[in-house]
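Here is a short tour for anyone meeting this protein chain for the first time. Have a look at the model below, then read on.

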Amino acid sequence: MLLPVLLYSALANGARERFGIRNRASVAQVVGTVAAIAVVMILGWLSITDVGYPAWMNVVAPVVLFAVMAISPLRRLVADRSTPPTDRWENTPPPTPARWATAGIGVVLGLLAATTAVVWYPIISAATLLVTLSVVLISWRLPWGLRSTGYHWGPVNWAFFAAATSAMFALTAALSMSSVGPGAAIAVGVFILMVMIISALLPLPAAGE
């Protein structure tokens, strides 16, 4: 579940830049984020090494991490936005590279969700996280990077991303409570993929563009 958090962090950075929001985290936020990441990584290691621990921690830890990282930026985005009245946060058609990146997010999250019932899922998850992190860093200043994508996203795109992320969290919760069959995992993966593909197409360009 670190992957949705990583994606959100990169996308939110672009949104904050769009509205000129200073990204100065408090000491409490930094400590909380580091602690939550450490807990999630420890749980991942315990899972790989087959060390037992309460299953509910698989749900609580990622949710806490996501909340710690999301609350402060979202509050600043809503309350401290230093944009002129002519540049409100609206659903404007993003450029083509941002649309492709949005669809790519759906492919990555959908594939990860669809393979949760596979025995070697921990390895797939770790490899996907490392590859995604590398891509995020390499493409940081490129038009198709997540930072640029978050810069161009409007409310509708963030709403669809929230739906996809919620599906990932729901799947993780179901896995912690009981076993999830391959069919259910694939269904969630397809749902996430379709949600993000639709998001990539929205908002539609105006006639004549």
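## How the chain is put together

Let's begin with contacts across the chain. Take the contacts between residues at least 6 apart in sequence: 85% of them join residues at least 24 apart. Keep in mind that this is a predicted model.

What is the secondary structure made of? It comes to eight helices and zero strands, and reading along the sequence gives the pattern α-α-α-α-α-α-α-α. Of the 209 residues in the chain, 40% are buried. The chain's accessible surface is about 11100 Å², and carbon and sulfur atoms account for 73% of that area.

## Aromatic rings

Now for the rings. There are four aromatic pairs by the rule used here. One of them is Tyr8 with Trp158, an edge-to-face pair with 6.1 Å from centre to centre and 75 degrees between the planes. This pair ties together distant parts of the chain: Tyr8 belongs to helix H1 (residues 2-18) and Trp158 to helix H7 (residues 155-177), with the two positions 150 residues apart. Are Tyr8 and Trp158 buried or exposed? Both are buried.

Trp158 has another partner, Phe161, and that pair is edge-to-face too, at 6.1 Å centre to centre with 85 degrees between the planes. Why are Trp158 and Phe161 separated by about one helical turn? Because they sit three residues apart in helix H7. Both Trp158 and Phe161 are buried. Put Tyr8, Trp158 and Phe161 together with Trp153, and you have one aromatic cluster.

## Thr149, tucked inside

Next stop is helix H6 (residues 146-152), where you'll find Thr149. Thr149 has a relative accessibility of 0%, so it counts as buried. What does Thr149 touch, once residues up to four places away in sequence are set aside? The list is Leu11, Ala98, Ala101, Thr102 and Trp144.

There's also a polar atom of the Thr149 side chain that lies 2.8 Å from the backbone oxygen of Gly145. And although Thr149 and Arg99 are 50 residues apart along the chain, their C-alpha atoms are separated by 7.8 Å.

## Ser139, in a loop

Just before that helix comes a loop, and Ser139 is in it: the loop runs between helix H5 (121-138) and H6. Is Ser139 buried or exposed? Its relative accessible area is 1%, so Ser139 is buried.

The side chain of Ser139 reaches back to the backbone oxygen of Val135, at 2.6 Å. Leaving out neighbours within four places in sequence, Ser139 is in contact with Trp144, Gly145 and Leu146. Two of these names have come up already: Trp144 is among the residues that Thr149 touches, and Gly145 offers its backbone oxygen to the Thr149 side chain at 2.8 Å.

## A nonpolar patch outside

Finally, let's go to the surface. Which residues form a nonpolar patch there? They are Ile186, Val190, Met194, Ile197, Leu201 and Leu204, and together they have about 540 Å² of accessible area.

Ile197 makes a handy example from this patch. Ile197 lies in helix H8 (residues 182-201). With 31% relative accessibility, Ile197 counts as partly exposed, whereas Thr149, at 0%, counts as buried.

How values were computed:
Residues numbered from 1 in each chain as written. Predicted model: local features only at pLDDT ≥ 70, side-chain atom pairs only at ≥ 80, totals over all residues. Heavy atoms only, no water. Patch = residues over 30% accessible without salt bridge, like charges linked within 9 Å, V, L, I, M, F, W, Y side chains within 5 Å. Areas by Shrake-Rupley, 256 points an atom, 1.4 Å probe, with all protein chains shown as cover. Salt bridge = Lys/Arg side-chain N within 4 Å of Asp/Glu carboxyl O. Helix = DSSP H or I, 4+ residues; strand = E, 2+ residues; numbered from the N terminus. Buried < 20%, exposed > 50% of the residue type's maximum accessible area, 1.4 Å probe, protein only. Contact = heavy atoms within 4.5 Å. Polar contact = N/O pair within 3.5 Å; in protein donor to acceptor, adjacent residues only side chain to side chain. Phe/Tyr/Trp six-rings, centres within 6.5 Å; stacked < 30°, edge-to-face > 60°.
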